[in-house]
Amino acid sequence: MTTTESFPLAFDTTPSAARRADAEREAILADPGFGKHFTDHMASIAWSFDRGWHDAVVKPYGPLQLDPAASVLHYAQEIFEGLKVYRWADGSIRAFRPEANAERLQRSARRLALPELSTADFLAAIERLVAIDADWVPTAPETSLYLRPFMIASEAFLGVRAAHGVDFHVIASPAGAYFPDGVKPLSIWLSQDFSRAGRGGMGAAKTGGNYAASLLPQAEAYEQGCQQVLFLDSEERTYVEELGGMNVFFVHRDGTVVTPALGTILEGITRSSVMRLAEERGHRVEERRFTVEEWREGVESGDIVEAFACGTAAVITPIGRLKARDFEIGAPDAEPGALTMSLRDELTGIQYGRLPDHHGWMRRLA
Ligand SMILES: *Cc1c(COP(=O)(O)O)cnc(C)c1O
């Protein structure tokens, strides 16, 4: 697919005539929740088979014009990203590793036969949007502006092939503190009947279809009094993969940290950052196959002392308990692990500018 731009796109900006008044915006930012409120603008770039990427714009936030035959609605040719933008004490606005999101969107695009958007154009889109909606980046502790870039097949065509018309958009949504009352351990439900991905499937791509596959087991988790589902490999139903939208880690008594190997799981940017921070502290970090049985025996023998989940939304969350049909590991009110909490403090410290950014992870947007 000929998609690489030789020069970055220029964005046209149409400011919204319906910008929310300061008071209304402040009221939203005082209690934003997650994914409920959206800023005044969005960024969009169109792609066609003939023209490549074109028509880069920042425009008023609003409904999309989509033909009912748009192939995304029928065949789910869609990918997305999620990243957070933080307001630092000095007033500057920073994004956490946005280049990594741009690169992952390119990998997802390849798997879904969508055109790749260059890192420069991806970054320009988020920079333009954040610049015009800078007042929407909240200031309260542990809050952020969540960015949701996504790409959809918009061509009106019911034939089954990669679409010749595609749109990329970025929307932004203020996000409140994930744990307003302090960090609470998760209870997770082991899905023994359903898988989210299989060998050769889309597990490594960030695509809506994987989420659609997770909703029924997620509903099962709620029925079981759990907040999240843990998926196993689809062939042997033995190896731990990940939660619906978070990667998992296990901490051994000797300090070794284990996380499932890549392949059918999503390569989290939080996951890779946690691995890096743990290695820098001298922990041995292993990416490998890890069975539920190893988890159960490790907790029984005292060899496994902590488990946690990680992703952009919650950063790092302790796992208190795994509930399965015939057994349980841990307890719902288990104390969060020491390494879990200290990695969480370090990562959020870097993100909010409380700690130095030795890795060059924080990109200044405004
Ligand atoms: C996005 C996502 C993650 C976490 O990735 P981060 O880059 O850390 O936010 C983990 N698993 C799945 C299935 C995801 O979609």
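Tutor: Before we start, domain bounds here come from an automatic or database domain assignment. Also keep in mind that this is a predicted model.

Student: Got it. So how far apart do the C-alpha centres of domain 1 and domain 2 lie?

Tutor: First, find the two parts: the assignment gives residues 12–175 as domain 1 and 186–351 as domain 2. Now take the C-alpha centre of each one. The distance between those centres is 28 Å.

Student: And how many residues does each domain bring to the contact?

Tutor: Count a residue if its heavy atoms come within 4.5 Å of the other domain. Domain 1 gives 21 residues, and the number from domain 2 is also 21.

Student: Which residues of domain 1 lose the most area to domain 2?

Tutor: Start with the whole interface: about 1,700 Å² is buried between the two domains, and carbon and sulfur atoms give 55% of that. On the domain 1 side, three residues together make up 33% of what is buried. They are Phe-80, Phe-96 and Arg-104.

Student: Let's look at helices H3 and H4. Why are they called oblique to each other?

Tutor: H3 covers residues 98–111, H4 covers 119–132, and their axes are 9 Å apart. The packing angle is about 125°. Angles from 65 to 115 degrees count as roughly perpendicular and those over 145 as roughly antiparallel, so an angle between those two ranges is called oblique. That is therefore the word for H3 and H4: oblique.

Student: What kinds of residues make up that contact of H3 with H4?

Tutor: From H3 you'll find Leu-105 and Glu-103, among others, and H4 brings residues including Phe-122 and Thr-119. Sorted by type, the contact has six nonpolar, three polar and two charged residues.

Key: Residues are numbered from 1 along each chain as its sequence is written. This is a predicted model: local features need pLDDT of at least 70, side-chain atom pairs count only at pLDDT 80 or more; totals for chains, interfaces and linings use all residues. Side-chain values use heavy atoms; hydrogens and water are left out. Axes are lines fitted to C-alpha atoms, for helices over the stretch in contact, and angles run from 0 to 180 degrees between N-to-C directions. Helices (H or I, at least four residues) and strands (E, at least two) are DSSP runs, numbered from the N terminus. Angles under 35 degrees count as roughly parallel, over 145 as roughly antiparallel, 65 to 115 as roughly perpendicular and the rest as oblique. Ala, Val, Leu, Ile, Met, Phe, Trp, Tyr, Cys and Pro count as nonpolar, Asp, Glu, Lys and Arg as charged, and the others, Gly among them, as polar. Buried area is the accessible area (1.4 Å probe) that two parts lose on being put together, summed over both.
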